[in-house]
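Me: Please take a close look at one part of this predicted model. I would like to know how two helices meet, and what lies around them.

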Amino acid sequence: MTSTKKTCRVGVDIGGTFTDIALDLDGALHSTKVLTDYTAPERAILKGVQAVAEMAGVSLSQIDILIHGTTLATNALIERRGAKTAFVTTEGFRDVLEMRTENRFEQYDLNISLPPALIARADRMVVRERIDAAGKVLLELDHSSVDAVVEQIAAGGYESVAIGFIHAYVNGAHEVAVRDAILKRLPDVSVSISSEVSPQMREFERFNTVCANAYVKPAIKSYLDRLVVSLKDIGVGCPVFMIHSGGGIVSIESASEFPVRLVESGPAGGAIFAADIARRHGLDTVLSFDMGGTTAKICLIENQVPKTAKTFEVARTYRFRKGSGMPISIPVVEMVEIGAGGGSIASVDGMRQIRVGPHSAASEPGPACYGRGGKNPTVTDADLILGKLDPDNFAGGAIPLSIDASRTAMTDDIGSLIGLDPEGAAYGTCEMVDENMANAGRVHTVENGKNISDFTMITFGGAGPLHAARLCEKMGISTFLVPPGAGVGSAIGFLRAPFGYEAVRSSVFNLSHFDYAEANRLLNSMGNEAVGFVEGGLEAAAPIIERTLFMRYAGQGWDIPVSLASERFDASSAATISAIFQTEYERFFGRAIEGLDIEIVSWSVKASSPLPPVERVASVAEGSVVEPHTRRRLFEASQGAYLDAGIHDRETLKPGDVVSGPAVIVERETSSVLTSSFKAIVQNDGCLLITRQ
């Protein structure tokens with residue numbers, strides 16, 4: 001036990017396969033991975049927290065703060081395992097969820113199958129009311145229809161209710177009145193209203209968002225309540241905070257009220273982790289690559305800040321095609337996410353081609369090699385057969401792997417169908433998953449107008465360093481970094497995240513008749529909302545306020561973000577904003593358009609605690625090549641053969657040491673595979689800087 005008080009912070013990330021725990025004790029990092037418990041996710045957290053506290057030599061009562069991110073909300077939406085939910089909307093708009101938009105994610109498929117609405121038609125109800133786009137009441141709320149809906153909800157035994165009215169983003173008075181009527185009659189029912197959850201224009205996206213919030217709210221609130229109680233029962237009495245999809249930290253109470261903001265919380269932590277490494281190494285163009293047990297996530301980080309957006313899709317149903325999922329209108333760290341993780345299941349399709357994912361063996365039953373009942377071949381099984389993993393030293397030896405079970409699964413489900421031995425099937429599986437991820441990275445950078453070869457990759461997650469070298473070969477990237485603690489990168493990212501919250505609203509202002517007084521009132525209101533969510537974590541520091549306008553030429557259907565430097569508007573602001581917009585528009589699209597009116601359609605105000613300064617990592621002189629402590633056969637895709645690879649223990653390497661591929665650098669939570677075209681140089685902060693030889 002320590003005798004002096006030290007700062008002790010814990011980050012917890014629940015993934016689809018593993019629950020990652022990272023403990024930071026005055027800069028000293030201790031971490032572990034525990035298989036995720038789907039029945040009671042908090043059990044894995046308790047087990048992991050106790051393990052890292054024991055490693056660090058601290059008592060559970062010495063933990064000062066616990067920051068948590070989870071995929072539970074995402075999984076509930078994907079698997080449709082939420083509460084019995086009713087949706088109340090304006091009369092005439094009951095089928096917006098079903099009708100979606102005019103976009104077709106597969107334009108030429110005459111038999112296209114659209115994803116079913118989250119809330120079935122029988123559970124969608126209407127009331128008579130109408131507000132116009134300016135917030136003016138066109139039809140007063142009909143209380144008799146409200147009473148009828150309340151009785152319908154009571155008779156239906158609904159646990160949760162979502163309320164979304166037309167143009168409620170600009171005037172939510174009718175939504176509030178209906179919520180009050182429901183809670184007066186049914187005080188135990190959970191109610192979410194769109195004017196609070198997502199006050200943004202475009203009713204399909206807004207209605208989906210409030211429905212998703214209501215759908216997962218009872219389960220997430222119950223889980224978070226159980227988690228806090230369970231932590232206290234074992235002696236962890238510190239405050240518990242949540243990471244949200246935008247990359248900031250909020251209170252448990254805020255997360256319970258708006259759980260839809262947790263949908264991308266785990267991946268957001270990974271992007272923050274990569275951005276922190278980028279700051280320390282002075283890298284301005286970074287591709288973050290996070291590969292876990294269930295999914296792989298790729299994010300662009302420019303000027304040491306992750307790229308963000310105000311909408312994204314969850315649960316895409318058709319080959320991860322844009323438009324085939326459920327749109328969610330909340331601030332989010334923008335990334336491309338595909339079903340390509342260590343647990344992703346490999347199969348043979350009707351054209352006798354190997355396919356990988358999106359289905360995952362997860363932690364229950366897990367890959368075949370885990371020996372927990374899984375029979376399907378997975379990426380982890382392929383990695384084991386190809387020599388990337390040590391069967392006796394996986395997860396620090398906590399999970400022994402069976403190479404015979406992997407070979408059997410590969411033969412039964414792939415090899416026997418297309419005439420391949422287990423090694424050939426494993427090679428095909430890894431090449432397919434690597435090509436899928438490389439394609440996702442190429443598309444993501446091209447969509448953002450970037451050249452992927454200009455980027456440095458920062459890789460983490462349990463499976464990321466295993467596949468990074470082959471991905472870099474495919475994408476033409478010459479350098480990648482594997483940070484210390486890469487196997488639990490998202491959990492470490494939670495510890496680097498600021499307290500932060502972003503308020504987003506839609507309100508249309510035309511610059512030709514700009515009402516700057518009303519615009520000031522809107523910004524002040526949003527600023528107060530954003531600061532209110534983060535006050536508990538600001539301590540003495542003043543929040544950093546970032547303001548963004550989403551603007552377009554009048555008549556366009558798409559808007560672009562424009563950063564706002566000033567805190568208040570005045571009579572000259574319209575001209576200033578117009579000039580900034582036209583400069584940004586030209587940067588995005590090559591040329592501005594003359595003679596068209598310009599309008600602001602949405603507003604964003606983000607409040608966050610200041611990031612602590614980081615010390616730049618000094619460059620290190622390249623030392624001598626380190627001899628491996630042992631060797632094993634490692635299959636190299638570019639050579640099409642097994643090579644004799646050196647095996648190195650990462651803990652024994654020191655700054656300046658050089659490891660030349662082919663090699664595997666092993667650590668407790670992951671392994672870094674170097675193909676023969678790469679070499680690694682250990683940096684002063686413990687990062688592995690891996691470059692083409």
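Reply: Start with helix H11, residues 403–418, and helix H12, residues 422–447. Their axes come within 9 Å and cross at roughly 75°. An angle of 65 to 115 degrees counts as roughly perpendicular, so H11 and H12 are roughly perpendicular to each other.

Now the contact itself. H11 brings Arg 407, Met 410, Thr 411, Ile 414 and Gly 415. H12 meets them with Pro 422, Glu 423, Ala 425, Ala 426 and Thr 429. By class, that contact has 5 nonpolar, 3 polar and 2 charged residues.

H12 also has a part in an enclosed space. The model has 5 cavities of 30 Å³ or more. The largest holds about 140 Å³ of space. It is lined by 15 residues, and the closest to its centre are Lys 388, Arg 470, Phe 635, Glu 636 and Ala 637. Which elements give two or more residues to this lining? They are H12, helix H13 (464–475) and E29. H12 gives the most, with 4 residues. By class, the lining of the largest cavity divides into 9 nonpolar, 1 polar and 5 charged residues.

Follow E29 outward from there. Strand E29 covers residues 630–636. It pairs with strand E30, residues 641–649, in the antiparallel sense over 7 bridges. Phe 635, one of the residues closest to the centre of the largest cavity, stands opposite Tyr 642 in E30. The two strands form a hairpin with 4 residues between them. In the turn, Gly 640 has a positive phi of about 65°.

E30 has another partner. It pairs with strand E32, residues 663–666, in the parallel sense over 4 bridges. Asp 649 has Val 666 in E32 as its bridge partner. Strands of a sheet pair through backbone hydrogen bonds, either parallel or antiparallel. E30 takes part in both kinds: antiparallel with E29, parallel with E32.

For reference, here is the second largest cavity. Its volume is about 60 Å³. Its lining has 14 residues, and Val 197, Ser 198, Pro 199, Arg 261 and Val 504 lie nearest its centre. Helix H6 (194–197) and strand E25 (500–510) are the elements that give two or more residues to this lining. E25 gives the most, with 4 residues. The classes here are 7 nonpolar, 3 polar and 4 charged.

To sum up, H12 crosses H11 at roughly 75° and gives the most residues to the lining of the largest cavity. E29 lines that cavity too, and E29 forms a hairpin with E30.

Key
Residues are numbered from 1 along each chain as its sequence is written. This is a predicted model: local features need pLDDT of at least 70, side-chain atom pairs count only at pLDDT 80 or more; totals for chains, interfaces and linings use all residues. Side-chain values use heavy atoms; hydrogens and water are left out. Two strands pair if DSSP finds at least two bridges between them. Axes are lines fitted to C-alpha atoms, for helices over the stretch in contact, and angles run from 0 to 180 degrees between N-to-C directions. Angles under 35 degrees count as roughly parallel, over 145 as roughly antiparallel, 65 to 115 as roughly perpendicular and the rest as oblique. Contact means heavy atoms within 4.5 Å. Ala, Val, Leu, Ile, Met, Phe, Trp, Tyr, Cys and Pro count as nonpolar, Asp, Glu, Lys and Arg as charged, and the others, Gly among them, as polar. On a 1 Å grid over the protein atoms alone, a cavity is a set of points where a 1.4 Å probe fits but cannot get out, and a pocket is an open set with protein on both sides within 12 Å along at least five of seven lines; lining residues have an atom within 4 Å of a point. Grid points are joined across faces, edges and corners, and a volume is the space filled by probe spheres set on the points.
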